[in-house]
Amino acid sequence: MKTPALTILSLLLVLTASAQQVPDDSPIPAPKRSAHPTGRGPLVLVDQAHDNFHRLDARFGPFGRLVRADGCRTEALEGPVTTAALRRADLFVIANAASPTTDSPDSRPFLAVPAFTSEEIAALDRWIRDGGSLLLIADHAPFPPAVATLARRFGVVFLNGYLLDRVRGSGDLTFRHSDQSLGSHPVTKGGGRFERVDEVRSFTGSAFRALPGVALTPLFRLHRDHVVLLPAAGESLGPDTAWVSAEGLVQAGLLRHGRGRVAVFGEAAMFTAQLAGPQRRPVGLTDPTAKDNPAFVRNVVRWLAPRARRPHSRALDTDAVP
């Protein structure tokens, strides 16, 4: 079946605007009460060593501001992922790592080249099993192949394409409690240290599934109107682009891995704030149509890193919070 031309045009406009995005320095709504004293909370370590499209000193800066306002500390990792590098961290964040090629992330081919070595994946796996936490974000194509091997270690398989609602002809999706597309979990329902969230907005992105036997808690559920466009290598998006139904897939989910925690997302813009396109449209945390997104992102980080790692402790006690 052919993809409607209107859908393709809408998606191309979104992707063109995304390519022109710059960080938005507008204020991000602050929490009513910070989770931790200023500068004394968990250490959030952000990967910047794998040609990441999102970096703390650029497009991912608003994410850093948001978690620091909640009392967290942030640092960038500019070198390989090793046991020594992870030792001090409470949460490791990978946001749109890219396959190692000479091309820019905006134009690199759809190659299944892992961004992380087997040694890095093994180190991260051991650290999480011992109580660490990972926030893994892989946006729409061409980013999923870069983390495919890493994601599979945690029982997750990404589709390397573009997620959108084919009826509305848009990649901007809203997940709500009212229609059960937003999963029921403390990070969405609120309570205790978590803020109430009624809806969350994402901006295109990818989708994924859990392998059999993996206890994934879905947060963003996809239905029959959602599809994933799957262009072949070198193919431009068009009416003949192949697509598959996204019904039964998810765009966000949580899971346990040993004593640690993993949050997997198929969309990155919602975690930061950009001004996109010639009109400099707010996207992400400062988008006026995504008023609950800041609280949701804080909740995800609070779930992943409930407290700072104690000195000389080998693992977080992850069973002490929901």
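The following exchange concerns helix H4 and several salt bridges in a predicted model.

Trainee: What distance does helix H4 reach from its first C-alpha to its last?

Mentor: Helix H4 covers residues 118-129 and has twelve residues. At 1.5 Å a residue, a span of 16 Å is expected. The helix comes close to that expectation, and its reach from first C-alpha to last is 16 Å.

Trainee: Which residues of H4 are buried?

Mentor: A residue counts as buried when its relative accessible area is under 20%. In H4, the residues that meet this condition are Glu120, Ile121, Ala123, Leu124, Asp125, Trp127 and Ile128.

Trainee: Against which helices and strands do the buried residues of H4 pack?

Mentor: Contact here requires heavy atoms within 4.5 Å. The buried residues of H4 pack against helices H3 (83-86) and H5 (144-153). They also pack against strands E4 (91-95), E5 (133-137), E14 (250-257) and E15 (260-265).

Trainee: Which residue just after H4 takes a positive phi?

Mentor: The place to look is just after H4, where phi is about 120 degrees. The residue with this positive phi is Gly131.

Trainee: Is Asp57, which forms a salt bridge with Arg55, buried or exposed?

Mentor: In the salt bridge between Asp57 and Arg55, the closest N and O atoms are 3.1 Å apart. Arg55 is partly exposed, with a relative accessible area of 24%. For Asp57 the relative accessible area is 57%, and a value over 50% counts as exposed. Asp57 is therefore exposed.

Trainee: How many residues apart in sequence are the parts tied together by Glu78 and Arg55?

Mentor: The side chains of Glu78 and Arg55 form a salt bridge, at 3.4 Å from N to O. Glu78 lies in the loop between strand E3 (73-77) and H3, whereas Arg55 lies in the loop between strand E2 (43-47) and helix H2 (61-69). The pair therefore ties together parts whose separation in sequence is 23 residues.

Trainee: Which residue meets Glu75 in a salt bridge?

Mentor: Glu75 is in strand E3, and its partner is in the loop between H3 and E4, 13 residues apart. Glu75 is partly exposed at 32% relative accessibility, while the partner is exposed at 51%. The N to O distance is 2.8 Å, and the partner is Arg88.

Trainee: Which residues are joined into one network by salt bridges that share partners?

Mentor: The count of salt bridges comes to 13. Those that share partners join into one network Asp70, Glu195, Arg298 and Arg302.

Definitions and conventions: Residues numbered from 1 in each chain as written. Predicted model: local features only at pLDDT ≥ 70, side-chain atom pairs only at ≥ 80, totals over all residues. Heavy atoms only, no water. Helix = DSSP H or I, 4+ residues; strand = E, 2+ residues; numbered from the N terminus. Expected span 1.5 Å × (residues − 1). Buried < 20%, exposed > 50% of the residue type's maximum accessible area, 1.4 Å probe, protein only. Salt bridge = Lys/Arg side-chain N within 4 Å of Asp/Glu carboxyl O.
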